[in-house]
Amino acid sequence: MADKTDSPSGKTFTLTNDQTGDKWVLPVFDGTIGPSTIDIRTLYEETGHFTLDPSFTSTASCRSRITFIDGDEGILLHRGYNIKDLAEKSDFLEVAYALLYGDLPNKKSYEEFRKNITYHTMVHEQLQFFFRGFRRDAHPMAVMCGVVGALAAFYHDSLDISDPNQREISAHRLIAKLPTLAAMAFKYSIGQPFVYPRNDLGFAENFLHMCFAVPAEPYRVNPILADAMDKILILHADHEQNASTSTVRLAGSSQANPFACIAAGIASLWGPAHGGANQAVLEMLAEIGTKDRIPEFVQGVKDKKYRLMGFGHRVYKNFDPRAQIMKETCDKVLSELGVKDPALEIAMELERIALSDPYFIDRKLYPNVDFYSGIILKAMGFPVSMFTVLFAVARTVGWVSQWKEMMEEPSNRIGRPRQLYTGAAQRDYVKIEKRT
Ligand code: CMC
């Protein structure tokens, strides 16, 4: 459906070549909210120049109606709904529905969606043999990259990306099966039998059940932990055009199947500057070890020997709204479990120092969502290697929503960034005998 954001706003931006004096008038597009964009699509054709923007600090790679972030004000909206309202008042499946379809569901559509998702929670029985091919001490993210990509080998009936119905089924399959595969990766790493999904449980509750139940005895999921897991999933569900989402979009732009695209997203999420940060936070806290070593560590950060993991964000330069909600959830979980964790004491002291030290204030380095999520997950009993996997379970909803949006865009073309070439100019080939 076209709206006013589909046409140029009428405003323009004029670019002048200082050498020749030539001028180009570029159209400007306004979004609903947020910065306007200068349309440079014809720039190369008209000027013979590319634009240079490594790391994409100023480049909008797509149009999207899904998520809005105002990093200066600390605002995060999904389909226009504030993240705080969603985390406090909705459950993960409601948020997933909104991300996929544009609005929060009514009762009937929620129930239908819940049925559709739970219908797909089991994975093909053959998939367990894929797990058995991995070493038990394999990083579960390595396992996830493999088994999620392998889904394409099992679900041939939802690979036709030109068919909206098949696209929808593969989106549902991915949202439903990721928790099952993540729990299997966890069980495999600790040598316990896989636990089948239970469709009578809520999404987060079922996930915790698959992770912590054993066949030998009944297991009841603590509702406070199920609620905390639901919030972790909501807070990580989508985050606009971040590295992994852009990876999914770029992979999808070549018309790769959705399972392959999400596997690519998982690989991108793995890095410590992105989804791997929650694992890196816990490793950092363990390395600091005791509170008396914090000043030495902070000095090392200022000397740029290492980074304060769980702090800073490319977009949020005031505070991360997700971190505030995560901190409250963290307090609830720790008090429910009666956890007295030395890592937590170190974390709180680091947080205090960073929020009062001019080095961090000047660089706008605030705790991000991953600073607290790792502490909660540790308290729940997850090993650090599983933290990023949980992030992937949540972000799958964002990835498939963004992929679906891109596939529905009629003007979708393969993504192909340009470059500023700085290597050798064309030169003569010299035979190996004559090379010095
Ligand atoms: N610790 C210490 N200094 C930092 C940090 C940090 N975590 N982050 C940025 N800086 C400094 C950096 O050294 C630079 O200082 P100077 O101006 O003196 O050179 C300045 O702040 C700007 O840094 P930048 O590298 O330009 O910032 P960026 O926007 O490229 O990086 C970031 C964003 C998230 C990669 C970075 O802040 C970081 O590495 N943080 C730690 C990893 C982390 O927690 N990542 C999770 C992000 S939230 C989850 C997600 O979205 O994936």
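Start by selecting residues 23–29, which form strand 2; two bridges join this strand to strand 3, and the two run antiparallel. The model on screen is predicted. Within this pairing, Phe29 stands opposite Thr37 of strand 3.

Now add strand 1 to the selection. The three strands make an open sheet in the order 1-2-3, with antiparallel pairing. Strand 1 (12–16) and strand 3 (37–38) are the edges; each has a single partner strand, so one side of each is left without a neighbour in the sheet. As background, strands of a sheet pair through backbone hydrogen bonds.

Next, move to residues 67–82. Here is another open sheet of three strands, ordered 4-5-6 and paired antiparallel. Its edge strands are strand 4 (67–70) and strand 6 (81–82), each pairing on one side only. Select strand 5 (residues 75–78): two bridges link it to strand 6 in the antiparallel sense. Show Leu77 and Asn82 to see one residue of strand 6 with its bridge partner.

For the interior, select Met144, Val148, Leu181, Met229 and Phe382. Of the 116 residues in the largest nonpolar core, these touch the most other members. Colour helix 18 (residues 387–408) as well, since it is the element that gives the most to this core, with 13 residues. In general, nonpolar side chains of soluble globular proteins tend to be buried together.

Centre the view on Met229. Which residues does Met229 touch, leaving aside those up to four places away in sequence? They are Ala204, Phe207, Leu208, Leu377, Met380, Phe382 and Leu390. Phe382 is also among the core residues that touch the most other members.

Keep Ala204 selected and go to the second largest pocket, which holds about 240 Å³ of space. Of its 20 lining residues, Leu93, Leu201, Gly202, Phe203 and Ala204 are the closest to the centre. Show helix 3 (92–101), helix 4 (107–119), helix 7 (164–190), helix 8 (203–212) and helix 9 (223–235): each supplies at least two residues of the lining. By type, the lining divides into 10 nonpolar, five polar and five charged residues.

The last stop is a cavity. How many cavities of 30 Å³ or more does a search of the whole structure find? The search finds one. The largest cavity has about 30 Å³ of space. To outline this cavity, select Gly312, His313, Tyr316, Phe319, Asp320, Lys364, Tyr366, Pro367 and Asn368. Four of the lining residues are nonpolar, three are polar and two are charged.

Definitions and conventions. Residues numbered from 1 in each chain as written. Predicted model: local features only at pLDDT ≥ 70, side-chain atom pairs only at ≥ 80, totals over all residues. Heavy atoms only, no water. 1 Å grid on protein atoms, 1.4 Å probe; cavity = no way out; pocket = protein on both sides within 12 Å on 5 of 7 lines; lining within 4 Å. Points joined across faces, edges and corners; volume = space filled by probe spheres on them. Helix = DSSP H or I, 4+ residues; strand = E, 2+ residues; numbered from the N terminus. Nonpolar A, V, L, I, M, F, W, Y, C, P; charged D, E, K, R; others polar. Pairing = 2+ DSSP bridges. Core = buried A, V, L, I, M, F, W, Y, C linked by side-chain atoms within 4.5 Å. Buried < 20%, exposed > 50% of the residue type's maximum accessible area, 1.4 Å probe, protein only. Contact = heavy atoms within 4.5 Å.
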